[in-house]
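The following exercises concern the structure of one protein chain. Attempt each task before reading its solution.

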Amino acid sequence: QRLWWNRKTRLGILALGVAGALAWFFAPAWQGTRGTSPRPSRQAVTNVPKGATSGPDVISAFIEDPWRSQSAMLLWRDRPGSYLVLQGNAEYQAITTNHLRNRQLWPRDTSRIVRLLPACDTVGLVTHLAKLLETWPKPGQVTIVTAPTHMDRTMAIARIVYAGTGWRVVGSEAETGDLRPESQLRLWRDQLRASLWRLTGWDGRLDGNDCV
């Protein structure tokens, strides 16, 4: 009787441990699937009250489309003291710089502009930004600028990657013609990859997502 009870107790403890680990692993992903996340406009994000976050204010844009960069630049100019992180490889960085200079939007003072080159896909872009911000003194707010059709998947990934970090993540829709539809399968795949990265530091890409 005692042997049976001890075995039952051990199995119960093991089951609780496994359930807890699974809950920790999948909780951020589950939160990212509960309806559509809010997508504040540029004006709405600009009007974040002073003191709403005690840490740095970071704006990040995925610059495969230069119009995303333009939306991010306009937002950055409206938020003095914020940092702008332009994410994309060297080719996209050059295209973006030329695009903004041709429209007289490139600033003279670039001390608060960061170029982040690595990453081949959305998961890599979000995780590389997270790794960069790990080195900052304290957490604050991150605003990710991307296409409206890309927003739900991006924010679902970000919820997982930034869970427990102290960083507040919001989205801002870019004015862009890149409105390619997303699929539910891509959302689930990238939530799984982001959860894997959160657990192991690897996002599932054999090349390490360091494409430059």
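**Exercise 1. The overall fold**

Task: Determine the order of helices and strands along the protein chain, and state how many of each there are.

Solution. Read along the sequence, the elements of this predicted model follow the pattern α-α-β-α-β-α-β-α-β-α-β-α. Counting gives seven helices and five strands.

A second step concerns the contacts. Of those in the protein chain with a separation of 6 or more, 82% are between residues 24 or more positions apart. A particular pair illustrates how positions distant in sequence may be placed in space: Glu91 and Val212 are 121 residues apart in sequence, and their C-alpha atoms are 8.6 Å apart. Glu91 is found in helix 4 (residues 90-102).

**Exercise 2. Burial and surface**

Task: State what percentage of the protein chain is buried, and decide whether Glu91 is buried or exposed.

Solution. The chain has 212 residues, and buried residues make up 43% of them. The accessible surface of the chain comes to about 11800 Å², and carbon and sulfur atoms account for 57% of this surface.

For Glu91, the relative accessible area is 54%. The cut-off for an exposed residue is over 50%; therefore Glu91 is classed as exposed.

**Exercise 3. The nonpolar cores**

Task: Identify the elements that each supply at least two residues to the largest nonpolar core, and find which one gives the most.

Solution. The largest nonpolar core has 22 residues, and those with the most contacts inside it are Leu133, Val161 and Tyr162. At least two residues of this core come from each of strand 1 (57-62), helix 5 (122-134), strand 4 (141-146), helix 6 (148-161) and helix 7 (184-200). Helix 5 gives the most, with six residues.

Next, consider Leu133. When residues up to four places away in sequence are not counted, Leu133 touches Val58, Val142, Tyr162 and Trp167.

A second core of 15 residues is separate; Ala61, Met73, Leu75 and Trp106 are among its members.

**Exercise 4. Salt bridges around Arg153**

Task: Find with which residues Arg153 forms salt bridges, and explain why these pairs tie together separate parts of the chain.

Solution. The structure holds 11 salt bridges.

1. Arg153 pairs with Glu182, with the closest N and O atoms 2.8 Å apart. Arg153 lies in helix 6, whereas Glu182 lies in the loop between strand 5 (168-173) and helix 7, so this salt bridge ties together parts that are 29 residues apart in sequence.

2. Arg153 also pairs with Asp190, and here the closest N and O atoms are 2.4 Å apart. Because Arg153 lies in helix 6 and Asp190 in helix 7, this pair ties together parts that are 37 residues apart in sequence.

3. Relative accessible areas describe the setting of the partners. Arg153 is buried, at 5%; Asp190 is buried as well, at 1%. Glu182, at 28%, is partly exposed.

**Exercise 5. From pairs to a network**

Task: Starting from Asp190, find a salt bridge with Arg189 and list the residues of the network joined by shared partners.

Solution. Asp190 forms a salt bridge with Arg189, the closest N and O atoms being 2.9 Å apart. Arg189 is partly exposed, with a relative accessibility of 42%. Salt bridges with shared partners join the following residues into one network: Asp121, Arg153, Glu182, Arg186, Arg189, Asp190, Arg193, Asp203, Arg205 and Asp207.

Note on methods: Residues numbered from 1 in each chain as written. Predicted model: local features only at pLDDT ≥ 70, side-chain atom pairs only at ≥ 80, totals over all residues. Heavy atoms only, no water. Core = buried A, V, L, I, M, F, W, Y, C linked by side-chain atoms within 4.5 Å. Buried < 20%, exposed > 50% of the residue type's maximum accessible area, 1.4 Å probe, protein only. Helix = DSSP H or I, 4+ residues; strand = E, 2+ residues; numbered from the N terminus. Contact = heavy atoms within 4.5 Å. Areas by Shrake-Rupley, 256 points an atom, 1.4 Å probe, with all protein chains shown as cover. Salt bridge = Lys/Arg side-chain N within 4 Å of Asp/Glu carboxyl O.
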